[in-house]
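Here are my notes on the model, as numbered points. Please read them with the structure open beside you.

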Amino acid sequence: MNNKKRKKRLIIMLASLIFIAFLSFYMVFICGFYAASDKVVGPYTGSANIDKYLEYEAWQIGRNKYGQPIFVDSDEAFKLAQEKYSEAIILIYNHFNEEYQVGKFGKNNYQLYKMLGWQIPTDDETIRKSGVELTQFLDIYENSFKRWIYVPGFGWDRICP
């Protein structure tokens with residue numbers, strides 16, 4: 001009877017260790033750890049050009065604890081960007097969806113639009129400029145969502161998962 005209890009305890013301990021190992025692997029290499037990137041700690045005073053954002057209430061910018069520009073209200077900023085850059089977003093979707101499966105523009109797939117925004121194939125300079133501005137907007141927008149992740153061969157880095 002005592003032997004059965006030992007086996008049971010050993011199996012429970014082993015299962016617990018395996019669970020902790022898998023959870024640790026997931027947090028370190030896949031999910032990442034919260035980096036407090038979304039908190040405004042003061043006014044932004046860095047070198048990024050933020051002048052075009054200051055005229056809109058929804059695009060007010062502050063500085064996170066890493067010195068990066070972030071939007072004070074990232075949800076409102078994203079909604080305004082969807083309206084302001086709608087032509088560029090539609091053109092990116094229409095031109096690149098078949099090749100890259102970008103999907104409809106949203107908070108879960110904005111990284112693809114950031115990558116493709118400056119590559120819009122159009123002769124209309126206004127829409128091309130709008131695509132570049134969308135990329136610049138998304139550069140600032142993603143600063144609020146970065147997490148600490150371990151990158152093998154590189155070390156710990158703050159990236160957008």
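1. Start with Gln101. At a relative accessibility of 56%, this residue is exposed, because the cut-off for that word is over 50%. Keep in mind throughout that the model is predicted.

2. Gln101 sits in the loop between α3 (86-100) and α4. Its backbone deserves a look: phi is positive, about 50°, although Gln101 is not a glycine.

3. Ala36 can be read alongside it. This residue, too, is not a glycine, and it has a positive phi of about 55°. Ala36 lies in the loop between β1 (33-34) and β2 (42-43). Is Ala36 buried or exposed? Its relative accessible area is 18%, so it counts as buried, the limit being under 20%.

4. A glycine with a positive phi is found just after α1: Gly32, at about 90°.

5. The helix α1 itself covers residues 2-31. How far does α1 reach from its first C-alpha to its last? The span is 41 Å for 30 residues, close to the 44 Å expected at 1.5 Å a residue.

6. Ile30 belongs to α1. With a relative accessible area of 47%, Ile30 is partly exposed; this value does not pass the 50% cut-off, so the word "exposed" is not used for it.

7. Ile30 is also one member of a nonpolar patch on the surface. The other members are Phe19, Ile20, Leu23, Phe25, Tyr26 and Phe29. Together the patch residues have about 710 Å² of accessible area. When looking at helices, recall that an α-helix has 3.6 residues a turn, so residues three or four places apart point the same way.

8. Now turn to Thr122, which is placed in the loop between α4 (110-116) and α5 (125-141). Although Thr122 is in a loop, it is buried, because its relative accessible area is 15% and the limit is under 20%.

9. Which residues does Thr122 touch, leaving aside its neighbours within four places in sequence? The contacts are Leu91, Ile127 and Arg128. In addition, the side chain of Thr122 reaches the backbone nitrogen of Asp124, at 3.1 Å.

10. A last distance helps with orientation. Thr122 and Asn97 are 25 residues apart in sequence, and their C-alpha atoms are 16 Å apart in space.

How values were computed
Residues are numbered from 1 along each chain as its sequence is written. This is a predicted model: local features need pLDDT of at least 70, side-chain atom pairs count only at pLDDT 80 or more; totals for chains, interfaces and linings use all residues. Side-chain values use heavy atoms; hydrogens and water are left out. Helices (H or I, at least four residues) and strands (E, at least two) are DSSP runs, numbered from the N terminus. Buried means under 20% relative accessible area, exposed over 50%, partly exposed in between (1.4 Å probe, protein chains only). Contact means heavy atoms within 4.5 Å. A polar contact is a pair of N or O atoms within 3.5 Å; within protein, one must be able to donate a hydrogen and the other to accept it, and residues adjacent in sequence count only if both atoms are side-chain atoms. Patches are made of residues with over 30% relative accessible area and no salt bridge: like charges are joined within 9 Å, nonpolar side chains (Val, Leu, Ile, Met, Phe, Trp, Tyr) within 5 Å. Accessible areas come from the Shrake-Rupley method with a 1.4 Å probe; for residues, only the protein chains shown count as cover. A salt bridge is a side-chain nitrogen of Lys or Arg within 4 Å of a carboxyl oxygen of Asp or Glu. The expected span of a helix is 1.5 Å times one less than its number of residues.
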